[in-house]
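Subject: A structure to look through

Hi,

Here is the structure I promised to pass on to you. Please open it next to this email and follow along.

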Amino acid sequence: MTHVITDLCIRDGACVEVCPVECIIPGQPEKEWPWYYIDPDTCIDCGACIPECPVEAIFPEADVPKEYGKSEAFNADFFKSGPGYEALNM
Ligand code: SF4
Ligand code: SF4
């Protein structure tokens, strides 16, 4: 399991501060990756990020609303084929 950031994200970065395993990364380049992303292989499902999000954009994988289903693949792709942690150096 993992947690997933949906496209409701407004990029304010509030969730990053509380993640104990530092697996939430701001998407870069912003035009291609306009939100923040959670590394599904590193997330420990602690749930600490959820109450920090002002727009309720973060869900446990199993609870992602259907209309945001694509966000799950988008999150995973960011680490599989996208810049992933390299985005921190962009
Ligand atoms: S659930 Fe916990 S480990 Fe996973 S992204 Fe949120 S704060 Fe980080
Ligand atoms: S707290 Fe919510 S809106 Fe802010 S960066 Fe994280 S997911 Fe996006």
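Below is what was found in it, from the overall fold down to single residues.

**Before you start**

This is a predicted model: local features need pLDDT of at least 70, side-chain atom pairs count only at pLDDT 80 or more, and totals for chains, interfaces and linings use all residues. Residues are numbered from 1 along each chain as its sequence is written, while chains are lettered from A and ligands numbered from 1 in the order in which they are written.

**The overall picture**

The protein chain has two helices and four strands. Helices here are DSSP runs of H or I with at least four residues, strands are runs of E with at least two, and both are numbered from the N terminus. Read from the N terminus, the order is β-α-β-β-β-α.

The C-alpha atoms fill a box of roughly 30 × 25 × 25 Å along the principal axes. The radius of gyration is 12 Å, which agrees with a compact globule, because such a globule with 90 residues would have a value near 12 Å. That radius is taken over C-alpha atoms, and the globule rule is 2.2 Å times the number of residues to the power 0.38.

Of the 90 residues, 28% count as buried. A residue is buried if 20 or more other C-beta atoms lie within 10 Å of its own, exposed if 12 or fewer do, and partly exposed in between, with C-beta atoms placed from the backbone. As for contacts, two residues make one if their C-beta atoms, placed from the backbone, lie within 7 Å. Among contacts with a separation of 6 or more, 73% join residues 24 or more positions apart.

**The core**

In soluble globular proteins, nonpolar side chains tend to be buried together. A nonpolar core is a set of buried Ala, Val, Leu, Ile, Met, Phe, Trp, Tyr and Cys residues joined through C-beta atoms within 7 Å. The largest one here has 19 residues, and the members that touch the most others are Ile-5, Cys-15, Ile-24, Tyr-36, Tyr-37 and Ile-38. Two or more residues each come from strand E1 (3-5), strand E2 (24-26), strand E3 (36-38) and helix H2 (69-80).

Try clicking on Tyr-36: leaving out residues up to four places away in sequence, Tyr-36 touches Ile-5, Cys-9, Arg-11, Gly-13, Cys-15, Ile-24, Ile-25, Pro-26 and Gly-27.

Ile-25 lies in strand E2 and counts as buried because 24 C-beta neighbours are inside 10 Å. Beyond four places in sequence, Ile-25 is in contact with Tyr-36, Tyr-37, Asp-39, Gly-84, Tyr-85, Ala-87 and Leu-88.

Asn-75, in helix H2, is buried because it has 27 C-beta neighbours inside 10 Å. With the same four-place limit, the contacts of Asn-75 are Val-4, Ile-5, Tyr-37, Ile-38 and Pro-40.

**The two ligands**

A residue is near a ligand if its C-beta atom, placed from the backbone, lies within 6 Å of it. Which residues are closest to ligand 1? They are His-3, Cys-19, Cys-43, Cys-46 and Cys-49, out of 14 that surround ligand 1. That shell divides into 11 nonpolar, two polar and one charged. Here Ala, Val, Leu, Ile, Met, Phe, Trp, Tyr, Cys and Pro count as nonpolar, Asp, Glu, Lys and Arg as charged, and the others, Gly among them, as polar.

Ligand 2 is surrounded by 14 residues, with Cys-9, Ala-14, Cys-15, Tyr-36 and Cys-53 the closest. Its shell holds 10 nonpolar, one polar and three charged residues.

**A few backbone details**

Gln-28 and Pro-29 are joined by a cis peptide bond, with omega about -5 degrees. Pro-29 sits in the loop between E2 and E3.

Glu-22 is not a glycine, yet has a positive phi of about 50 degrees. Glu-22 is in the loop between helix H1 (14-18) and E2 and is exposed because only 11 C-beta neighbours are inside 10 Å. Glu-56 also has a positive phi of about 50 degrees without being a glycine. The loop between E3 and strand E4 (58-60) holds Glu-56.

Enjoy exploring!
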